[in-house]
Each structure stands twice: as C-alpha cells, then as structure tokens.
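Here are my notes on the model you sent, set out as numbered points. I begin with a pair of packed helices and then turn to the enclosed spaces and the overall make-up.

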Amino acid sequence: MKIKIMFLLLISIALMLSACSQNQSKQQASGNTSDAEGYPSKPIEIVVGFGEGGGTDTMARTLQPMLQKELGVAVAVKNRPGASSALALEYVSGQKGDGHTILLQTDLVRVFPTMGMTDLTYKDFEQVGIGAMGIANFVVKDKSNLKTFDDLVQLLKNDGAKVGVAAIGDPWHLTLEILNNVIDGKAEIITYDSGSNAAMAAMKGEVDFSISGVNEVADLLRSGDLRSLAVMDNKPFEVDGLGTIAPVTEFVADLDKFVPEGTWWGPAVKEGTPEVIVEKIKKAYNKAINSNEFKEFAKNKAIVLTDIEDSQEYTQKATEKTSWLLWDIGVGKRSPEEVGITRANE
C-alpha cells in the first residue's frame, strides 16, 4: 500500500512539473515572463508598414516623442514597407511578445483575410487602441479636365481611368473597387509607396486622379496644387483653412451603404503580450493622443479623432465586414473562411 501511494505521489509530482515547464515555455515564447512589471527594460521599436512620408509614417513620427516621454526609454520608428504592410505584420509576429516591438497597425489588417498577402489576421495581435482616422478622397491636379466628381464617374464608366493608390488592398484601392462596383466602372491601377506619393503622381499628371487620405494631401489642397472632388462619406468634410469637401453620396446615392471609408491607426502588439504591458502602452498612447500637441496635429492634417472603447472588438467587426465585402464583389483572392473569418453576425 505504501509503495502504491508513493508511486501515485511521484506521478502527480511529475505531471505538475511537466505542466509548469510547458507553461514556462509558453510564457517565454510569447514574452510573458515575470519581468513584465519592469517594462520597458530596453529601447522600443515602432514598426511602420509603409515608406517614409505617408500618413502612417507621419502618424508614427508624431507619436514617437510623446511615447518616448511617457514610457521613459528611447523609441525609434522603423519603416518596413512591402505587400501593403503585410511584411510589417509578419516581422512583428516573429518578435517576442514583450512590448518592445510595437506595430502601428492600420485598417489594412481587415483586408488581408481575403487578399491573401499574409495568413496573419487581427487574431494574431492585440489592438491596443485606435485613436485616429483618415477619410478617403479623390484628388486631381489643379488644371485637370475633371472638374466635378460627376466627371470622374463618367471617365470611369466610359473610357476607364489611370488611378493612383498606395498599394493593392489598401483602403484607397478598396475605395476605388467599391466605386467601380457600384457604377460599373473600370480603371488601370498604378501603385505608389504611399497615399501622398500617389497624390503627387496626380499633381504631375501621371494619373487621371488619385485616392488617398485627406490627411495625406491637406497641405497640397490648401496650396491649390490639388483639388479634392469628393470624400468617401455621406456628409461634407471640413478641412481647417480650406473649407468643406463634398461627400460622394451627393453624386452617387448608392454609395451610402459603403461610407464612411478610409484608414485608421493605432498601436498593436503580438498576441499573448502580458496584460500589464498592454496596459502600460495603452496608458501612454491615450495620454499622447489626448494631448494638445496631438490634437493640433490632427486638426492641421485633417485627421478625425475617434472614441473607440474596445479596439480589438472594433477590429474584429471591421475585418468581418470588409473582407467579406471584398470577396462578395469579386475583388478578394480567397474566401475569408480559409483563415477563420466568419461573416458578420453569423
């Protein structure tokens, strides 16, 4: 009997040690170690999935000194462009989940399930916050023959147009596909490193028009080098120092169910990052975007400040809605089901 009890005791101890060992391995793999309370313990890298000068890069470099001040360590912005920011997601996913590598996430995470540029989805990241958005707009050079959005629609319907966007699958490309689907238009798509570079191409006459965020072209609109024919919304958009831009629904009523359309930004970390670290980043980020300095930046750049309570849930719903929309209108490359994205409300 004593031998039997001793044998059972040894088995219990062995199982406990095995469980502890496995848990420790998982924690180390995700960065979920006991030193999370001491975060941050080294410099932090903010990863941007686009080149320098675009809206995402500008956002990151505006936040950088604010986060550096709040977190108390050096913070550097690293550009890792490629595949509409999919390469940046894959890079961050390959790092330790210890909060020292932060992805400046954009809305593009919502299109990857169907565009197929990466198998990573919102589920592989913890969305720390979404504090700002940029609205899509259609811009032409000052002396363009396209005087109104009606002219732009007719060009797409009758002759087709050369259109500049940042990348295939980005929100500006999505905006074009939605418009063409509604009006039965066609276009030759030309991609650039960023929405601002696409707008510059329109200014130079390389394309008939470009689609980018109002935030990316606000200064060029104020200077008169570019004109915005409409914003992808159902209400006029106010730009400080310029006035209002008409909504697309003023010209194409059937676009109402697809607006507003644009991009959003916010920090995200690898899924499994300890909650105490996520909370520290969230606190620093919220303090930064609520500062007078950031609010002035947002006003000047025509950026919309948001009030999203649950960023992860918001990202999930946006992914379900957008990825299935792309698939249903024939733009998607694969069914979102292949990477576990169900239809909204299913």
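1. Helix 5 and helix 6 lie roughly perpendicular to each other, and this reading follows because their axes cross at roughly 75 degrees, a value inside the range of 65 to 115 degrees that counts as roughly perpendicular. The two axes also come within 10 Å. Please keep in mind throughout that this is a predicted model.

2. The contact between these two helices can be followed residue by residue. From helix 5 (residues 149-158), the participants are Phe149, Leu152, Val153, Leu156 and Lys157, and they meet Leu176, Leu179, Asn180 and Ile183 of helix 6. Sorted by class, this contact consists of seven nonpolar residues, one polar residue and one charged residue.

3. Helix 6 (171-183) also has a part in the lining of the largest cavity, to which helix 6, helix 2 (55-71) and strand 12 (262-270) each supply at least two residues. The volume of this cavity is about 130 Å³. It is lined by 15 residues, of which Phe50, Thr56, Trp172, Glu216 and Thr263 are the closest to its centre. The lining is mixed in character, with six nonpolar, seven polar and two charged residues.

4. How many cavities of 30 Å³ or more does a search of the whole structure find? There are two, and the second largest has a volume of about 40 Å³. Its lining is made up of Ile46, Leu63, Leu67, Ile102, Leu104 and Pro267, and by class this gives six nonpolar residues, with no polar and no charged ones. Helix 2 and strand 3 (101-106) each supply at least two residues of that lining.

5. Helix 2 therefore deserves a second look when the two linings are read side by side, because it supplies at least two residues to the largest cavity and at least two to the second largest, under a scheme that numbers helices from the N terminus.

6. For the protein as a whole, the model contains 11 helices and 13 strands. Of its 346 residues, 51% count as buried. Among the contacts between residues at least 6 apart in sequence, 76% join residues that are at least 24 apart.

Definitions and conventions
Residues are numbered from 1 along each chain as its sequence is written. This is a predicted model: local features need pLDDT of at least 70, side-chain atom pairs count only at pLDDT 80 or more; totals for chains, interfaces and linings use all residues. Side-chain values use heavy atoms; hydrogens and water are left out. On a 1 Å grid over the protein atoms alone, a cavity is a set of points where a 1.4 Å probe fits but cannot get out, and a pocket is an open set with protein on both sides within 12 Å along at least five of seven lines; lining residues have an atom within 4 Å of a point. Grid points are joined across faces, edges and corners, and a volume is the space filled by probe spheres set on the points. Helices (H or I, at least four residues) and strands (E, at least two) are DSSP runs, numbered from the N terminus. Ala, Val, Leu, Ile, Met, Phe, Trp, Tyr, Cys and Pro count as nonpolar, Asp, Glu, Lys and Arg as charged, and the others, Gly among them, as polar. Axes are lines fitted to C-alpha atoms, for helices over the stretch in contact, and angles run from 0 to 180 degrees between N-to-C directions. Angles under 35 degrees count as roughly parallel, over 145 as roughly antiparallel, 65 to 115 as roughly perpendicular and the rest as oblique. Contact means heavy atoms within 4.5 Å. Buried means under 20% relative accessible area, exposed over 50%, partly exposed in between (1.4 Å probe, protein chains only).
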